[in-house]
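Let's take a walk through this protein together. Have a look at the sequence and the model first, and then we'll go through a few spots one at a time.

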Amino acid sequence: MSQMPQLSACPSCEEPLESGDRFCGACGYDLSAVPERPQDNPTITMNGSVPGQGAPAGEYPEPPSAPPAGAAWPAPGPDGTGAPEAVHLSTDLPGTDSGGSALPPQAPPPPSAPPPAAAAGVRFDRPRQPDGAAVAPEIYQTQPDEYLLQAPDPRVSAEPAAQAAGAGGKVCVACRAGRVDDDGYCENCGHAQPRERDHMEQESGPLAAVSDRGLRHHRNEDAFAIGTTTLPDGSPASVAIVCDGVSSATRPDDASAAASKAAGETLLAALPRGTHPQQAMHDAILAASRAVNSLAAEPATALEQAPHQNAPACTIVGAVVTSGLLIVGWVGDSRAYWVPVDRSAPPARLTEDDSWAAQMVAAGLMNEAEAYADERAHAITGWLGADAYELEPHTAAFKPDRPGVVVVCTDGLWNYAEAAEEMARVVPLDAATQPLHSARVLVGHALDGGGHDNVTVALVPFPAVPQGAGSA
């Protein structure tokens with residue numbers, strides 16, 4: 001920080017000075033305006049010299065501590081307040097108007113006025129008071145050492161965003177400027193983008209499905225496929241497939257996506273050709289199994305980099321609803337429930353889990369409450385994947401005697417409504433006519449319960465609704 005130079009005589013009138021004087025007692029000369037010898041790294045040139053204009057780059061003229069001999073300093077005025085014009089700025093001294101009265105203080109520039117060019121990018125060692133005196137060090141220390149830069153022009157950020165959108169790319173949700181790369185990260189700020197599968201909703205005519213990542217998992221490993229078609233006799237048919245990726249396997253999200261897509265496409269292609277719905281469901285599960293098995297064909301280089309990875313795997317459950325028939329098929333522990341519109345009639349669970357708990361109950365070793373309370377309860381004994389045991393697709397056919405709704409879901413939902421009666425209590429009364437809203441309600445029920453797993457549910461009204469009819 002610069003210090004005030006110590007002078008023995010006034011540089012204007014040569015009046016002797018005492019230590020600590022800031023102004024000359026004879027002529028009023030501002031002693032603080034006298035430049036000092038520059039340090040090794042001066043912050044600003046006091047005489048306005050610019051490198052290349054009057055002084056070589058990196059060099060500054062040495063200011064004299066007193067007027068050189070023979071210098072033609074202007075003589076003080078009659079009132080004794082004259083000052084060298086070469087040193088003072090017009091703002092250093094109070095001015096008067098033509099009548100001798102003091103001028104009013106200069107009004108600050110309007111907010112829209114740009115700052116003076118000389119101030120841009122310059123940091124002074126010590127600010128000055130209006131009278132030209134240096135601010136005391138204890139006051140100056142309260143000033144910040146750094147200053148925030150001006151906020152960027154929003155048009156600058158909008159331009160790359162518009163370019164990214166025009167190029168068909170996604171714009172980052174964080175900086176709103178960068179393009180999102182194929183790996184889901186912003187090329188500008190590096191922010192990871194929300195995955196499309198974190199929350200998915202779909203409505204297809206009279207049926208709907210919702211899937212959510214839940215509150216504990218870092219990604220959604222569930223997937224679904226829904227659709228409607230027409231049987232050869234012209235009657236409608238609805239299809240719903242729900243898959244749950246096995247988290248302990250490699251790429252469980254890819255497995256569930258591949259399985260649901262293959263099974264859904266197989267069903268929608270087979271039913272119009274006249275294939276019996278139960279046979280079509282069996283074939284769809286086999287098609288889903290082949291799709292998941294194909295994911296295990298990793299190149300040798302990938303196996304070398306991750307020698308301990310296992311084959312992708314998932315569970316599957318599906319339903320086909322026609323005008324008088326209800327078909328379900330499954331492998332694993334994802335489930336299907338029957339909930340009648342008339343809640344005085346009993347609901348039912350339509351699937352049996354491929355799990356350790358189900359085996360214990362079937363063998364008579366434990367009752368259901370004891371088995372599902374065990375920490376091994378959710379260990380599955382059947383799944384889709386290249387390392388699965390012998391694949392045994394389960395299918396079952398039902399002929400309900402009344403209208404209702406089929407709930408097709410992963411364990412992320414039924415963990416919070418395990419028994420059929422519990423599921424019936426949380427399914428909204430208008431689920432058959434408002435399937436999308438009702439599916440959202442069921443996902444919300446799981447999230448309110450803790451959301452420990454991914455949550456996926458599809459609601460299919462029975463009997464199948466003719467094409468063109470949807471939720472009211």
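Which strands each supply at least two residues of the lining of the largest cavity? They are strand 9 (335–340) and strand 13 (404–409). Keep in mind as you look around that this is a predicted model.

Let's stay with that cavity for a moment. The count comes to one cavity of 30 Å³ or more, and the largest cavity has a volume of about 40 Å³. Its lining is made up of V339, P340, V341, R343, G404, V405, P428, L429, A431 and A432. Sort that lining by class and you get eight nonpolar residues, one polar and one charged.

Next stop, helix 4. This helix covers residues 277–293, which makes 17 residues. At 1.5 Å a residue it should span 24 Å, and its end C-alpha atoms are indeed 24 Å apart, so the expected and the computed spans agree. Now see which of its residues are tucked away: P277, A280, M281, A284, I285, A287, A288, S289, A291 and V292 are buried. There's a handy rule for reading a list like that: an α-helix has 3.6 residues a turn, so residues three or four places apart point the same way. And what do the buried residues of helix 4 pack against? Their partners are helix 3 (252–270) along with four strands: strand 7 (313–321), strand 8 (326–331), strand 11 (384–385) and strand 12 (394–398).

On to the cysteines. How many disulfides does the structure hold? Zero. Take C186: its closest cysteine sulfur is in C189, and at 3.7 Å that is too far for a bond, because a disulfide needs the two sulfurs within 2.5 Å. C186 is buried, with a relative accessible area of 5%. C243 tells a similar story, since the closest cysteine sulfur, in C314, is 4.7 Å away and so too far for a bond. C243 also counts as buried, at 0% relative accessibility.

Last, find G450, which sits in the loop between helix 10 (435–448) and strand 14 (455–462). Is G450 buried or exposed? With 15% relative accessibility, G450 counts as buried, because the cut-off is under 20%. Leaving aside residues up to four places away in sequence, G450 touches L215, R216 and Y416. G214 is worth finding too: it lies 236 residues from G450 along the chain, yet the C-alpha atoms of the two are separated by 8.3 Å.

Terms used. Residues numbered from 1 in each chain as written. Predicted model: local features only at pLDDT ≥ 70, side-chain atom pairs only at ≥ 80, totals over all residues. Heavy atoms only, no water. Buried < 20%, exposed > 50% of the residue type's maximum accessible area, 1.4 Å probe, protein only. Expected span 1.5 Å × (residues − 1). Contact = heavy atoms within 4.5 Å. 1 Å grid on protein atoms, 1.4 Å probe; cavity = no way out; pocket = protein on both sides within 12 Å on 5 of 7 lines; lining within 4 Å. Points joined across faces, edges and corners; volume = space filled by probe spheres on them. Nonpolar A, V, L, I, M, F, W, Y, C, P; charged D, E, K, R; others polar.
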